[in-house]
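Please look through the sequence and the three-dimensional model shown below before reading on. The paragraphs that follow go from the overall layout to the sheet, the core, the pocket and a few individual residues.

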Amino acid sequence: MYRGTTPTLIYNVNSNLDLNGMLQIWVTLKTLMYEKTFGKDDIIVNNENKTLTIELSQEDTLNFYGSNVETQVRFLDSNKKAYASNIKKINLDNILKEGVIHE
């Protein structure tokens, strides 16, 4: 992922959990200085393919610094049971020209 871009991140959920039945789903991306969490309303949930999709803005990715971003998914099901994925790292590449690209 490059800073200042608008990546679409797709998370594969290797579980039999009913994603459509979740009360809440959080996808968190974090570096040392910045954290962004997407809630269920911001996530495209595909229960059939067991994927979660989020779209980041230029502003989101410009707030990340360092060589990688840590990410984790958390779930709350209808029985109030909470689940969490392993923490994964996404490579973060820098850009030469800082700032948001406008027309």
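Two strands are said to pair if DSSP finds at least two bridges between them, where strands (E, at least two residues) and helices (H or I, at least four) are DSSP runs numbered from the N terminus. This is a predicted model, in which local features need pLDDT of at least 70 and side-chain atom pairs count only at pLDDT 80 or more, while totals for chains, interfaces and linings use all residues. Residues are numbered from 1 along each chain as its sequence is written, and side-chain values use heavy atoms, with hydrogens and water left out.

The chain contains one helix and eight strands, and read from the N terminus its elements follow the order β-β-β-β-β-α-β-β-β. Its C-alpha atoms fill a box of roughly 45 × 30 × 20 Å along the principal axes. Burial is judged by relative accessible area, with buried meaning under 20%, exposed over 50% and partly exposed in between (1.4 Å probe, protein chains only); of the 103 residues, 35% count as buried. If contact is taken as heavy atoms within 4.5 Å, residues 24 or more positions apart account for 64% of the contacts with a separation of 6 or more.

One open sheet has three strands in the order S1-S5-S4, with antiparallel pairing. Its edge strands are S1 (8-12) and S4, each of which pairs on one side only, and the twist averages 15° from one strand to the next, with axes being lines fitted to C-alpha atoms (for helices over the stretch in contact) and angles running from 0 to 180 degrees between N-to-C directions. S1 and S5 run antiparallel and are joined by five bridges; among the partners, tyrosine 11 is matched with leucine 52 of S5, and isoleucine 10 with threonine 53 of S5. In a regular strand the side chains alternate between the two faces of the sheet. Strand S1 shows such alternation, since Leu9 and Tyr11 point to one face and are buried, whereas Thr8, Ile10 and Asn12 point to the other and are not.

Elsewhere, S2 and S3 form a hairpin with four residues between them. These two strands run antiparallel and are joined by four bridges, and the bridge partner of valine 27 in S3 is phenylalanine 38.

In soluble globular proteins, nonpolar side chains tend to be buried together. A nonpolar core is here a set of buried Ala, Val, Leu, Ile, Met, Phe, Trp, Tyr and Cys residues joined through side-chain atoms within 4.5 Å. The largest such core has 21 residues, of which Tyr11, Val27, Leu29, Leu52, Ile54 and Phe75 touch the most other members, and the elements that give two or more residues to this core are S1, S2 (24-30), S5 and S6. Leaving aside neighbours within four places in sequence, phenylalanine 75 is in contact with residues including Val13, Leu17, Met22, Leu52 and Tyr83.

Which residues lie nearest the centre of the largest pocket? They are Asn12, Val13, Val73, Ser85 and Asn86, out of 19 lining residues, and S1, S6, S7 and S8 (88-91) are the elements that give two or more residues to the lining.

Arginine 74 is placed in strand S6 and is partly exposed, with a relative accessible area of 40%. Its C-alpha atom is separated by 8.2 Å from that of glutamine 24, although the two residues are 50 apart along the chain; beyond neighbours within four places in sequence, arginine 74 is in contact with Gln24, Ile25, Trp26, Tyr83 and Ala84. Lysine 30, found in strand S2, is likewise partly exposed at 41% relative accessibility, and, with the same kind of neighbours left aside, lysine 30 is in contact with Glu35, Phe64, Val69 and Glu70.

Two lysines in loops deserve a closer look for their backbone angles. Most residues other than glycine have a negative phi, and most peptide bonds are trans. Lysine 50, in the loop between S4 (44-46) and S5 (51-55), has a positive phi near 55°, and lysine 80, in the loop between S6 (68-76) and S7 (82-84), has a positive phi of about 65°. Are these lysines buried or exposed? Lysine 50 is buried, because its relative accessible area is 16%, whereas lysine 80 is exposed, because its relative accessible area is 62%.

Methods
On a 1 Å grid over the protein atoms alone, a cavity is a set of points where a 1.4 Å probe fits but cannot get out, and a pocket is an open set with protein on both sides within 12 Å along at least five of seven lines; lining residues have an atom within 4 Å of a point.
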